[in-house]
Amino acid sequence: MMGDQCTGIEQVKILCTEPGMAQGLDPLHLLDILQVLWTKKEIHELPEAARRGFASLTDPLEGLLVMLENCHDWRNWRKGKPQSLAHYIIDQFCNWIKDDGRVQQILKPAKLQARVFSLLTEVPANMLDQLASLYEVDKVDKSSQLGLINNLCIKGKYKEAALLSIKLDLQPEVDMEQVCIPLLLQDKVNLVEAYIADYPGLQCDLLQLLDSWCQLTVNIADIQRAFLPEPVLQVLCKFHQRTPIWCISTKVIGRYGKLSHLRWNKLNRKALSKLVIRLMELYDINPELCPNVVNQRQVATIKYLLYKRFIERSMSQENWSEHIEAVVGYNPQLRLQFVTLLERHTDMDTVASWALRLSVPREKLPYYIAERLEKVKTMGLENRCAEESTEEIQNKKKFYYQLPIPTECIHFLDHLDQLKHCAARVLQAGGVVGIDMEWRPTFGMLTRSRVSLIQIATKNCVYLLDLPQLVNQSESECRRAELTYFIQTLFTDQTITKLGYATTGDLRTLSTAYPVLKDVVQHTAGVLDLLNVHRELQKVPIRRRDRNRGVEVLVSEDGVDSGNSHVEKGLSLLVQSVLGKSLDKTEQLSNWERRPLRPQQIIYAASDAYCLLDVYDSLCREPQRFGLSCSLEEFLMLKVEKKARGLKQKKNKSSPTHPFQCGQTMQPTLLKASSSPPLSPSEFSVVCDNMLQGLGRYLRCLGVDVKILENDDDHRKAAEIARKDNRFILTCGLPYHALRSQVAEGRCLSLNCSEKAKDQAITVLKHFNVQITPTDIFSRCQVCNGAEYLKLPVEEMRQAMQSKAGSGRAECTDLPTAMRSSSSVDQAVVSPQTDASNCSGQAGRCSYNPRCLWADRSRLDLKTLKFTSGADLQVETVPPGILDKVDIFYCCVSCGKVFWEGSHFNRIASQFQEVLHVTDKKTFYNL
């Protein structure tokens, strides 16, 4: 009988040495020990007890299976809850096998197939991937694999069925509708996308099915009934007499009878249409494959154009007519639908004229429209466009901003030879230009936007660049350098002030549409986005005198003139606030691909760019008049600093005060116990997306095993590494949704991109309850992730530097005193010695013992300065002056990076004091 005072590790040792244990440790005994440790939260003993127990099992895989079958805490596990003991046991088992390669040679999972398959139909999704790998489900015959997938579907575990199908590459063999439709109704679109990603046939099948549900003749309610549980369906049948429809629905009830957590709002034509459009764009599917959805989108576009023309009155007649003709095309059904909708907004003569214009058959028109056809035809109204009256023209001049230069000063450039004259006027140091871009609106259709026109305004003229024509000419005549040089110089020359409004969106559209210009607009300089100024102006009510109307105008906080019912938006609102008149936006949604452009389009395009110059001049002349406390350039330069300072103060105000501050001796920090089991950095391994490289270096600095994607790596590579090495994924932004669906539940964490890398690191450590101790700091190389160092005495380092200097490959100039100690994460401080009890914290003496591996002296050849790994010793990075200040250097055997003791440890320990776990003051480096 084991005493109550025995630790978990001692209990395992005792069980293994008891008589009758020659056949190995009983898995249930091991489970009881681990359960007690887990319940008492004695987490520090769990890893060693688990590893010793696994090694004592006669058949480790069968023992693990027994433990999981009898460990019931995972049965009640739900998303968002802490990790279960069963999941922890699997993690430790995987780490044990990974660390000891000999174990893999004795594992024989084949005989456990039936029990494993039974377990796989019960476990949650976050355990599925590891179990399938451990028991080599991928090597089982395909019929058994398909049977497992079918059992998961029968139990209503469609997410697990999809994940396992992806892992085993079974998508072509499985009924796509059986798996994907329930997932869509549970709003797991990302998992569906991953399921069909590599199979164009499945993509087409799914889209055709969803498109068929969008037919007007299909009753969506009947499809919804197919997903109701059978008892509910039987009750409803008693109150409805639609027997044939209910019988049809009942036939498919068996397939989805256990489906739960349905999102019924996902099963309507509008939601289905959006989903189909999204998938068509994602997989570049031909729109002809989904005629119902495309037709619905076209009808919606017609209704939107009718609203813009007749309700909002924000489109000119010519502009509107062009779009209507483009949308309806030669589709007779769309033409008839348009005429039918048009009669709700205008007179019958106009409707009849459009019926003639679109050649709608007389017999399909209502009689009251058909009888007017002859009258309209006789009067010649079928192709007439309403012209603006003199009164309308005068009203526009009175209420809208007018281009102050004559139309002769607007130059349309559609040939590369014309760029020379433009460059001479635009690319002048100290100049100020207004820049805007226009492209054809897509109205939600499957056409990608491409910039059709770039407007560049100077004080005396405006240049309109026909970008599609210029790009085509530059590629056909091998004159790409001329165009790229002009665009690159324009956007990167710091001496040229470029004015824009929402410039980021314009540049994004430009680089997306024209790959040849992608690298050109990546790095911009001298760009002044007036959108930032506009946001600041909207915060403060401003009372100013309108020179055009001779009255005081009060601009409210939302930027709308008091007493004016018409609400302006965007650049038009800024122009109204500063200049007193808004922009005429009736040509904004024009077909900018049309050539030649109409005169109204040309004037609108020129005005959109030139008004930026007028706004800029007014704000620069009198910034205080508009509520700006400084000049425009100074305001924009200070904006980021003020914002950052405000965030920092807010954060410090909300965060709890610590019992120690910088410059004081750090005391052990008591961390609140987390509900999830604590992990040491050596037990925690991650892969960082290429957007979080700074975070990755900080985590390496704290001893975490981190792989970091390179800048040119695809985000999906993170999922491959995570599955292969059993790592967690750290990412941010849009890639999170795609990566989350490719790994088990809880294995992917999305971080705030706007946070600093240090704050991101603290978030990660708290989320996974990783306990950092002082001995973990700098236990890994921040450059290459290596965890093995070689101690090199100062005499041998001096010899190595002299050897390299003698070969002419190193400089021996000393460095300033301020640069001798490391000042970045990459120049981290490590000062490991065997005896940490004599630490003094002074230069040249031991003060700290990191938890890392120590390499043998034979790993480095002092003659060639090469490690056995092939890496060169980077002695050229060591300042000669540091040789008199330290006794030992620490060299990474993987990459050759050289470290030495300095002051950087103090800063790292201070930055992460809130997550630093100190158990022994004697081994702690005092600040």
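Which residue in strand 4 is the bridge partner of Leu413? The exercises below work through this predicted model.

**Exercise 1. Place strand 4 among its neighbours, starting from Leu413.**

Step 1. Find the partner. Leu413 bridges to Leu465 in strand 4.

Step 2. Extend to the strands. Strand 1 (residues 410-413) and strand 4 run parallel, and four bridges join them.

Step 3. Turn to strand 3 (residues 451-457). Five bridges join strand 3 to strand 4, and this pair runs antiparallel. Leu453 has Asp466 of strand 4 as its bridge partner.

Step 4. Check the connection. Strand 3 passes into strand 4 by a hairpin of four residues.

**Exercise 2. Decide how strand 4 (residues 462-466) is covered.**

Step 1. Count. Five of its five residues are buried.

Step 2. Recall the rule. Side chains in a regular strand alternate between the two faces of the sheet.

Step 3. Sort by face. Val462, Leu464 and Asp466 lie on one side. Tyr463 and Leu465 lie on the other.

Step 4. Conclude. Both faces of strand 4 are covered.

**Exercise 3. Find the edges of the open sheet of four strands.**

Step 1. Write the order. The strands run 14-13-17-18, with mixed pairing.

Step 2. Pick out the edges. Strand 14 (853-854) and strand 18 (898-899) each have a single partner strand, so one side of each has no neighbour in the sheet.

Step 3. Look at one edge pair. Strand 17 (residues 888-892) and strand 18 are antiparallel, with two bridges. Cys891 stands opposite Val898 in strand 18.

**Exercise 4. Which residues of helix 21 (residues 332-342) are buried, and where do they lie around the axis?**

Step 1. List the buried residues. They are Leu334, Arg335, Phe338, Val339, Leu341 and Leu342.

Step 2. Use the arc. These residues cover only 165° around the axis, which puts them on the same side of helix 21.

Step 3. Relate this to helix geometry. An α-helix has 3.6 residues a turn, so residues three or four places apart point the same way.

Step 4. Inspect the other side. Pro332 and Gln333 are exposed there.

Step 5. Name the packing partners. The buried residues pack against helix 19 (291-311), helix 20 (317-328) and helix 22 (348-357).

**Exercise 5. Test the length of helix 9 (residues 142-154), then describe its surroundings.**

Step 1. Predict the span. At 1.5 Å a residue, the 13 residues should span 18 Å.

Step 2. Compare. The end C-alpha atoms are 18 Å apart, which agrees.

Step 3. List the buried positions. In helix 9 these are Ser144, Gln145, Leu148, Ile149, Leu152 and Cys153.

Step 4. Find the cover. It includes helix 7 (113-120), helix 10 (158-168) and helix 11 (176-185).

Step 5. Step past the end. Just after helix 9, Gly156 has a positive phi of about 80°.

**Exercise 6. Describe the largest nonpolar core and a separate one.**

Step 1. Size the largest core. It has 122 residues. Leu206, Leu210, Leu699 and Leu730 have the most contacts inside it.

Step 2. Find the main contributor. Helix 5 (residues 85-99) gives the most to this core, with nine residues.

Step 3. Zoom in on Leu699. Beyond residues up to four places away in sequence, Leu699 touches Val686, Val704, Val706, Leu730, Ala761, Val764 and Leu765.

Step 4. Look elsewhere. Apart from the largest core lies another, of 36 residues. Its members include Ile405, Leu530, Leu597 and Leu619.

**Exercise 7. Inspect the backbone at Pro596, Asn785 and Leu865.**

Step 1. Start with Pro596. The peptide bond from Arg595 to Pro596 is cis, with omega near 0°. Pro596 sits in the loop between helix 31 (570-579) and helix 32 (599-621).

Step 2. Move to Asn785. Its phi is positive, about 75°, although Asn785 is not a glycine. Its loop runs between helix 37 (757-767) and strand 13 (788-793). With a relative accessible area of 11%, Asn785 falls under the 20% cut-off, so Asn785 is buried.

Step 3. Finish with Leu865. Its phi is near 55°, again positive in a residue other than glycine. Leu865 lies in the loop between strand 15 (860-861) and strand 16 (866-867). Leu865 has a relative accessible area of 4% and is buried.

Notes. Residues numbered from 1 in each chain as written. Predicted model: local features only at pLDDT ≥ 70, side-chain atom pairs only at ≥ 80, totals over all residues. Heavy atoms only, no water. Pairing = 2+ DSSP bridges. Buried < 20%, exposed > 50% of the residue type's maximum accessible area, 1.4 Å probe, protein only. Expected span 1.5 Å × (residues − 1). Contact = heavy atoms within 4.5 Å. Core = buried A, V, L, I, M, F, W, Y, C linked by side-chain atoms within 4.5 Å. Arc of directions from axis to C-beta.
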